[in-house]
Amino acid sequence: MNTKLSFKSFLPFFFCFAIGNAQELLTLENAVKIGLENNYEIKIADNNLKIDKTNVAIGNAGMLPSLSAVATDNNSILNTSQTRSDGTTVNLKNAKNNNLNYGVALDWTIFDGLKMFAKYDQLKELQNMSDAQLKMTIINKVSNVNSVYYDLIQEQQKLSDLDSTIIISQKRLEFTKNRYTIGKGSKLDVLNAQVDLNTDLGNLLKEKQTYSNAKTLLNQILARDLNADFKVSQGINVDRKLQLAELMALAEKQNPELEMQIINKKVSELELKQIKGERYPTIKLNSGYNFNDTKSSLGFTTQSSARGLNYGFSASLNLFDGDAQNRNEKIAKMQVDNSKLQIDQQLIQLRSNLTVAFQVYLTNLDLIDLEANNTAISKQNLEITAEKFKIGTITSVEFRAAQLNYINSRIRLSSAQFQAKLSEITLRELAGNLNF
């Protein structure tokens with residue numbers, strides 16, 4: 001019976017039964033596309049932006065005149081008694097009176113202390129605020145999809161590594177059985193090999209469950225059928241060229257949260273302008289064309305009608321309002337000051353987050369290099385151990401230790417790559433340049 005053992009039989013056969021070839025390949029680009037199309041928060045933010053775009057109108061700021069049609073019809077039935085200047089008395093029961101007035105009226109505020117212009121600018125800034133909110137929602141969504149997607153790649157790699165170690169354990173069991181059959185091995189070696197194989201199979205089952213749960217989570221984030229089956233791409237590529245100074249510069253220009261604080265300051269300043277506008281007079285033009293028809297059962301004139309144009313203007317100036325104007329201006333100024341402080345606070349927080357995230361990013365890059373070196377060393381160690389195990393100079397337990405060192409180093413390498421990718425995603429999210 002041939003008891004020779006080749007280490008080549010131990011080499012990983014990724015996903016021998018963990019993932020089928022018939023599954024749909026879901027790329028990261030497609031996952032992001034599906035997530036952006038289906039996400040409810042993005043749809044709501046987009047609708048809010050459309051609302052604010054619609055609100056940006058000079059009429060909404062009070063710059064246009066108002067034109068209205070008016071009609072009034074007053075009727076009465078009265079028992080009337082009149083004593084005239086000549087001493088005659090006239091009595092009339094159920095006297096009918098009618099006054100019909102209709103026409104069009106125009107009102108136009110031509111000056112209000114420039115409040116209307118500040119209001120129009122404020123509406124545009126509110127639109128910019130909704131635009132920044134939509135951008136932040138999209139970036140958060142893309143970041144979430146990226147994180148879960150790369151976690152799936154990591155779990156997929158773990159399945160591959162565990163599948164590989166099962167193949168090695170199966171070969172080891174086969175080898176120890178053969179040696180025991182020809183009398184060169186012990187029953188204890190066979191039992192140990194069987195126990196280790198069962199342990200590996202149990203770990204694989206647990207990992208399959210974890211992988212399945214991660215797929216369900218991604219389907220949930222993409223707002224599609226939770227049972228949709230798919231596989232993800234293999235390998236995690238980390239951008240090693242990120243520079244902290246460049247990220248800082250980008251973040252100060254396009255970080256959505258910082259951008260929203262800057263817009264909020266502009267909105268507060270425009271609110272202050274509108275309040276200050278209350279100190280100036282308000283001038284309005286008014287005009288109209290009216291028709292009037294009056295009928296009376298009793299009186300010197302029983303019927304009259306008139307029509308014509310009326311026009312004029314009105315002006316008003318607040319002289320005293322219980323000091324409300326001064327209070328409102330003080331409050332508005334403090335709100336502007338608060339918005340400035342919020343910008344400074346957000347900027348410091350952003351720089352701090354970027355600095356911490358960048359240090360984590362650098363550490364994770366070093367861990368990738370370290371674990372890659374460990375994997376190469378543990379692979380060589382396994383190859384040497386396999387040869388010694390083949391000729392019987394080391395025990396089965398020692399071979400198992402070398403096997404676990406190799407598999408664990410591969411899992412740690414995969415984990416280091418995933419953590420580094422998360423750091424990269426975090427940095428890009430803070431800088432506001434996460435691709436979508």
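How many bridges join strand E5 to E6? The exercises below start from this point.

This is a predicted model, in which local features need pLDDT of at least 70 and side-chain atom pairs count only at pLDDT 80 or more, while totals for chains, interfaces and linings use all residues. Residues are numbered from 1 along each chain as its sequence is written, and side-chain values use heavy atoms, with hydrogens and water left out.

**Exercise 1. The sheet**

Count the bridges between E5 and E6, then place both strands in their sheet.

Solution.
- Step 1. Fix the terms. Helices (H or I, at least four residues) and strands (E, at least two) are DSSP runs, numbered from the N terminus. Two strands pair if DSSP finds at least two bridges between them.
- Step 2. Strand E5 covers residues 282–296 and is joined to E6 by 14 bridges. The two run antiparallel.
- Step 3. The sheet is open, with four strands in the order E2-E3-E5-E6 and antiparallel pairing.
- Step 4. E2 (66–83) and E6 (303–316) are the edge strands. Each has a single partner strand, so one side of each lacks a neighbour in the sheet.
- Step 5. From one strand to the next, the twist averages 20°. Axes here are lines fitted to C-alpha atoms, for helices over the stretch in contact, with angles from 0 to 180 degrees between N-to-C directions.

**Exercise 2. A residue in E6**

Describe the setting of Tyr311.

Solution.
- Step 1. Tyr311 belongs to strand E6.
- Step 2. Its relative accessibility is 69%, which counts as exposed. The cut-offs are under 20% relative accessible area for buried, over 50% for exposed, and partly exposed in between (1.4 Å probe, protein chains only).
- Step 3. Neighbours within four places in sequence aside, Tyr311 is in contact (heavy atoms within 4.5 Å) with Asn286 and Ser287.
- Step 4. Met136 is 175 residues from Tyr311 along the chain, and their C-alpha atoms are separated by 52 Å.

**Exercise 3. Aromatic pairs**

Classify the ring pairs Tyr149–Tyr150 and Tyr289–Phe291.

Solution.
- Step 1. Apply the rule. Rings of Phe, Tyr and Trp (its six-membered ring) pair if their centres lie within 6.5 Å; planes under 30 degrees apart count as stacked, over 60 as edge-to-face and the rest as tilted. The count by this rule is six aromatic pairs.
- Step 2. For Tyr149 and Tyr150, the ring centres are 6.1 Å apart and the planes stand at 90°, so this pair is edge-to-face. Both residues, Tyr149 and Tyr150, are buried.
- Step 3. Tyr289 and Phe291 are also paired edge-to-face, at 5.4 Å centre to centre with 65° between the planes.
- Step 4. Tyr289 is partly exposed at 34% relative accessible area. Phe291 is partly exposed at 26%.
- Step 5. Extend the pair. Tyr102, Tyr289 and Phe291 are linked into a cluster by ring pairs. Phe291 also has a bridge partner in E6, namely Arg307.

**Exercise 4. Salt bridges**

Compare where the partners lie in three salt bridges: Glu155–Lys158, Lys390–Glu387 and Asp229–Lys215.

Solution.
- Step 1. A salt bridge is a side-chain nitrogen of Lys or Arg within 4 Å of a carboxyl oxygen of Asp or Glu. The whole structure holds 18 of these salt bridges.
- Step 2. Glu155 meets Lys158 at 4.0 Å, N to O. Both lie in helix H3 (residues 115–181), three residues apart, about one turn of the helix. Glu155 is buried at 7% relative accessibility, whereas Lys158 is partly exposed at 21%.
- Step 3. In the bridge of Lys390 with Glu387, the closest N and O atoms are 2.8 Å apart. These residues are three apart in helix H7 (residues 324–391), about one helical turn. Lys390 is partly exposed at 28%, and Glu387 is partly exposed at 37%.
- Step 4. Between Asp229 and Lys215, the closest N and O atoms are 2.5 Å apart. Asp229 sits in the loop between helix H4 (187–221) and strand E4 (231–232), and Lys215 in helix H4, so the pair ties together parts 14 residues apart in sequence.
- Step 5. Asp229 is partly exposed at 43%; Lys215 is buried at 9%.
- Step 6. Lys215 has a further partner: it lies over the face of Phe230, 5.2 Å from the ring centre. The rule asks for NZ of Lys or CZ of Arg within 6 Å of the ring centre and within 35 degrees of the ring normal.
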